[in-house]
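Colleague: Got a minute to walk me through this model? I'd like to go over the packing and the odd spots.

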Amino acid sequence: MIRRRLLTGTLSNFAGRFTTAGIWFVLTPFVLSRLEADGYALWVLMSAVASYGSLLELGIGGAAVKYVAEHVARGERDAAMKVISSSFLVYLGLGIATCAVSVAIAPALSHLLGLPAEEQSTAAWLVIVTGLYVAVSIAFTPWTSLLRGLQRHDLANGVQVVGSLLLAAATVAALLLDWGVLGMVAMNVPVNMVMGVASAWLCKRAAPDLILAWRRTDLATLRRITSFSSSLFVIDVATCLRSKSDAFVIALFRPVSAVTPYALAKKLAELNELVVMQFLKVVMPLASELDAADRIRKLRALHIVGSRIALAVAVPIAVVLIILGGPVLSIWVGPKYAGYERLVDVLAIASVLATSQAPAARILQGIARHRIVARTSIAAGVANLALAVLFLPRFGLMGAAVASLIPTAVTAFAVILPFANRTLHVTWREALNEIWLPGVLPGVGAGALLWVLHLKSASPSSATLASWIVTTILVYAVGYLMMPASGAERRLLSDLLSGGLSLVIRKRVLPGRIGDESSLET
């Protein structure tokens, strides 16, 4: 039951995120050609500003997901309503504060980025518009949290897919009309409004009894939410320091255009994190539900299976990127960026290490053992920033990549994974045999095959490259499913295939005659 819910929720999240990522992967060459290196770099910097702006959400969204999942699991619908109503009151104030902060910091931030004087006015307006769309996103967060807490990931992801399609269309229109990066960023505001209204409407349909009501606002509930969310806020700050600070450091020490190749390499390298994050959206509310029901053995299984699946997603993607980073960059955004393949290698390894600890960190958050995660994450984020400032002037963009790798490795192997294993009673031998070996060993064989293929053709065509990637992933998948520890995944795959076959048979045998006993006998 747990593994089925884990997979179905993950597949729903993956479908939503895959659509979003696929759209922007396809659009990136077009955006880059219209904005050129400087404009694209400015867009990347505004994305980083948006990420830091979203910190004003203070981690309350994650806390709301946890408590809604717990209360619903216990049948405490009134308490779940108090969580949503109380968090909405806070979000309303935070949205207004976000707008005010963006207006206040816009002139200073545009100056700090080291832009030419003629571009600083545009950059200031970009900061203000970015703050506005972040404020809109924050204001509508309670409804997204409610859908996630109810584990209606299908609805939440449906909104995300539609929003991504709308934003992609609006972006293309803005660039074709020569509105530039400012018009492109401004399109986020109406699209986020549409997505927020859609989420609120779906919440009303999915849980009509969990309505937002001012009279349900409760100070004690608000204190409980903020007490938990404070650590989530620290983790979010650390995530921004690790994943978004590099762009600002590069802009400070190098021409703004240098942000572009680093951002492109990082976007490729973090593909596995992008996929695994959809899986993690299922893990935390599920862990909260299991913890509320005191199902320790199920939590332990969730940690083992979840960590193994995360590696199973991350490793083959990393293998492909490490071996084929140059050709992928060349075909994707042009030969001029193929020389940054070594950046992709280092960033891909860092991404795998970040992915390996992510399920454990989310489970610890779900069972309220997250303070060590928060402290470790903020220390790693600060170390990442400090090392980037130290390494980048001397080693260039590679220095920024190494600055990301070192704290991630230390955090994973020295703190998060050992603590999670102790907390959930998983020995290192069990972790090695049931998580790491099944996740990593198939990657060795798949990587060796891909390396041989690449030696035969240093500059493959798009079709050849695609066939190599598909072959590598299939070889990895077969090896992974053959590992002794992957029994749960084999059983689940068998269930899904047999279930799909049964559905096809019923549709063919029972066309229009559902409930007919003679048909069932046939």
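Modeller: Sure, and one definition up front: angles under 35 degrees count as roughly parallel, over 145 as roughly antiparallel, 65 to 115 as roughly perpendicular and the rest as oblique. Keep in mind that this is a predicted model.

Colleague: With that in hand, what is the orientation of α11 and α13 to each other?

Modeller: Helix α11 covers residues 259-269 and helix α13 covers 296-333, and their axes sit 11 Å apart at an angle of about 125°. An angle of 65 to 115 would be roughly perpendicular and one over 145 roughly antiparallel. The pair fits neither class, so α11 and α13 are oblique to each other.

Colleague: Which residues of α13 does α11 meet, and how many charged residues are in that contact?

Modeller: From α11 come Leu264, Lys267, Leu268 and Ala269, and they meet Leu321, Val328, Leu329, Trp332 and Val333 of α13. By class, the contact has eight nonpolar residues and no polar ones, and the number of charged residues is one.

Colleague: And what is the handedness with which α9 passes α15?

Modeller: Helix α9 (residues 219-243) packs on helix α15 (residues 371-395) with axes 8 Å apart and an angle of about 25°. That angle is under 35 degrees, so α9 is roughly parallel to α15. While α11 passes α13 in a right-handed crossing, the crossing of α9 with α15 is left-handed.

Colleague: How many polar residues does the contact of α9 with α15 have?

Modeller: On the α9 side, the residues include Ser227, Ser230 and Ser231, along with Val234 and Ile235. Among those on the α15 side are Ser377, Gly381 and Asn384. Ten residues of the contact are nonpolar and two are charged, and the polar ones number six.

Colleague: Zooming out, which element gives the largest share of the largest nonpolar core?

Modeller: The chain comes to 20 helices and zero strands, and 53% of its 522 residues count as buried. Its largest nonpolar core has 139 residues, with Val31, Trp43, Tyr262 and Leu324 having the most contacts inside it. The largest share of that core is 17 residues, and they come from α13.

Colleague: What does Leu324 touch, if you skip residues up to four places away in sequence?

Modeller: Leu324 is listed among the residues with the most contacts inside the largest nonpolar core. Leaving out residues up to four places away in sequence, the residues it touches are Leu450, His454, Leu465, Trp468 and Ile469.

Colleague: Is Ser145 buried or exposed?

Modeller: Ser145 lies in helix α5, residues 141-149, and touches Gly61, Ala64 and Val65, not counting residues up to four places away in sequence. Buried means under 20% relative accessible area. Ser145 has 4%, so it is buried.

Colleague: Where does Asp178 lie, given its positive phi?

Modeller: Asp178 isn't a glycine, yet its phi is about 60°. It is also exposed, with a relative accessible area of 61%. Its place is in the loop between α6 (153-176) and α7 (180-186).

Colleague: And His425, is that one buried or exposed?

Modeller: His425 is another residue that has a positive phi of about 60° without being a glycine. It lies in the loop between α16 (397-423) and α17 (428-456). Its relative accessibility is 56%, and the cut-off for exposed is over 50%, so His425 counts as exposed.

Definitions and conventions: Residues numbered from 1 in each chain as written. Predicted model: local features only at pLDDT ≥ 70, side-chain atom pairs only at ≥ 80, totals over all residues. Heavy atoms only, no water. Axes fitted to C-alpha atoms, helices over the stretch in contact; angles between N-to-C directions. Helix = DSSP H or I, 4+ residues; strand = E, 2+ residues; numbered from the N terminus. Left-handed = near helix turned anticlockwise from the far one by under 90°. Contact = heavy atoms within 4.5 Å. Nonpolar A, V, L, I, M, F, W, Y, C, P; charged D, E, K, R; others polar. Core = buried A, V, L, I, M, F, W, Y, C linked by side-chain atoms within 4.5 Å. Buried < 20%, exposed > 50% of the residue type's maximum accessible area, 1.4 Å probe, protein only.
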